[in-house]
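Please look through the sequence and the model shown below before reading on. The report then takes up the sheet, some of the helices and a few single residues in turn.

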Amino acid sequence: MIKAIYFDLFFTLIVPTYEKTNNEYEILNLSVGEWEQYAENDILYHERALGFVKTEKEIIDKIVSLMPFEVSVIQKEQVLFAREQRMKNALKMISKEILDTLEKLKLKDIKLGLISNADCIDCKYWNQSPLFRYFDDSIFSCNVGLLKPDRQIYELAMQRLNVLPEQCLFVGDGGSNELCGAKSAGMGTVFSEMLETKNAAQRESIIKYSDYHIKHINELFNYL
């Protein structure tokens, strides 16, 4: 019997899409690809997602330090504002199907938990999201010093909701090898493509760690 369902955040419940104007990359006269090459640098990402980088300003400072040109203080402030607004908007613009599904799960007395690889900007506005009220617990990697797919982050999540692995499902889009990590911790795994469709190679690598594959979040009710 399923007593708890854990969700990934990004590309499972929200998508941090760029705005129409005034995005980070535009402020710095970069293409999206160029900006993300710096912003998603593996070493810096791990530093901030593990909580070693503790302030929003320091995140932006470290990203722009990789760039081969001078970035002014004003530009840094504008980039930080744009990034925070983008994350805030993503956390507020939630699919009705997702909210309806979470509501129905709560009515079934199923505990809901969040396990997200995130930095302090990513989770800054979590408590302002319509999602927030549905979750019994939320774990952000920057607050606990653990990253998916480390099985310890899943074990911590289960301890905090006082549930056993066989009583749990983990739902995610498969990024960061999260389904592999959840399976190693003994959870049931659900691969969701509701918010992001993977290419064939990605799907093949993810689906081998999933017990179930869904295209819509309300399909979860088939597996409870």
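Which helices do the buried residues of H2 pack against? In this predicted model, the buried residues of H2 pack against helix H1 (24-27), helix H3 (42-49), helix H4 (56-64) and helix H5 (73-92). Helix H2 itself covers residues 32-39, and its buried residues are Trp 35, Tyr 38 and Ala 39. When one looks down the axis of H2, these buried residues fall within an arc of 95 degrees, so they line one face of the helix. A general rule helps in reading such a pattern: an α-helix has 3.6 residues a turn, so residues three or four places apart point the same way.

Two of the helices that H2 packs against, H4 and H5, also meet each other, for their axes come within 10 Å and cross at roughly 115 degrees. The crossing of H4 and H5 is right-handed. On the side of H4 the contact is made by Glu 56, Lys 57, Ile 60, Asp 61 and Val 64, and on the side of H5 by Lys 76, Val 79, Leu 80, Arg 83 and Glu 84. Sorted by class, this contact has four nonpolar and six charged residues, but no polar ones.

The strands come next. Six of them form an open sheet in the order S3-S2-S1-S4-S5-S6, and the pairing is parallel. Strand S3 (137-140) and strand S6 (212-214) stand at the edges with a single partner strand each, so one side of each is left without a neighbour in the sheet. On average, and with direction ignored, neighbouring strands of this sheet are turned by 20 degrees against each other. Within the sheet, strand S4 (residues 168-172) and strand S5 (residues 188-192) run parallel and are joined by four bridges; Val 171, for instance, has Val 190 in S5 as its bridge partner.

Helix H8 (residues 151-161) packs on the sheet, where it touches strand S1 (4-7), strand S2 (111-116), S3 and S4, and its direction makes about 160 degrees with that of S3. The buried residues in H8 are Ile 153, Tyr 154, Ala 157, Met 158 and Leu 161. Seen down the axis of H8, they fall within an arc of 135 degrees, so here too they line one face of the helix. The cover over these residues includes S1, S2, S3 and S4, together with helix H7 (141-144) and helix H9 (178-184).

Three single residues, each with its place and its relative accessible area, are set side by side in the table.

| Residue | Place | Relative accessible area |
|---|---|---|
| Arg 86 | helix H5 | 5%, buried |
| Tyr 154 | helix H8 | 0%, buried |
| Ser 176 | loop between S4 and H9 | 40%, partly exposed |

What does each of them touch, if residues up to four places away in sequence are not counted? Arg 86 is in contact with Pro 16, Thr 17, Tyr 18, Glu 19, Asn 23 and Glu 24. Tyr 154 touches several residues, among them Ile 115, Phe 170, Glu 178 and Met 187. Lys 148 and Pro 149 are also touched by Tyr 154, and Ser 176 touches these two as well, along with Asn 117. As for distances, the C-alpha atoms of Ser 176 and Asn 143, which are 33 residues apart in sequence, lie 18 Å apart in space.

Note on methods:
Residues numbered from 1 in each chain as written. Predicted model: local features only at pLDDT ≥ 70, side-chain atom pairs only at ≥ 80, totals over all residues. Heavy atoms only, no water. Buried < 20%, exposed > 50% of the residue type's maximum accessible area, 1.4 Å probe, protein only. Arc of directions from axis to C-beta. Contact = heavy atoms within 4.5 Å. Axes fitted to C-alpha atoms, helices over the stretch in contact; angles between N-to-C directions. Left-handed = near helix turned anticlockwise from the far one by under 90°. Nonpolar A, V, L, I, M, F, W, Y, C, P; charged D, E, K, R; others polar. Pairing = 2+ DSSP bridges.
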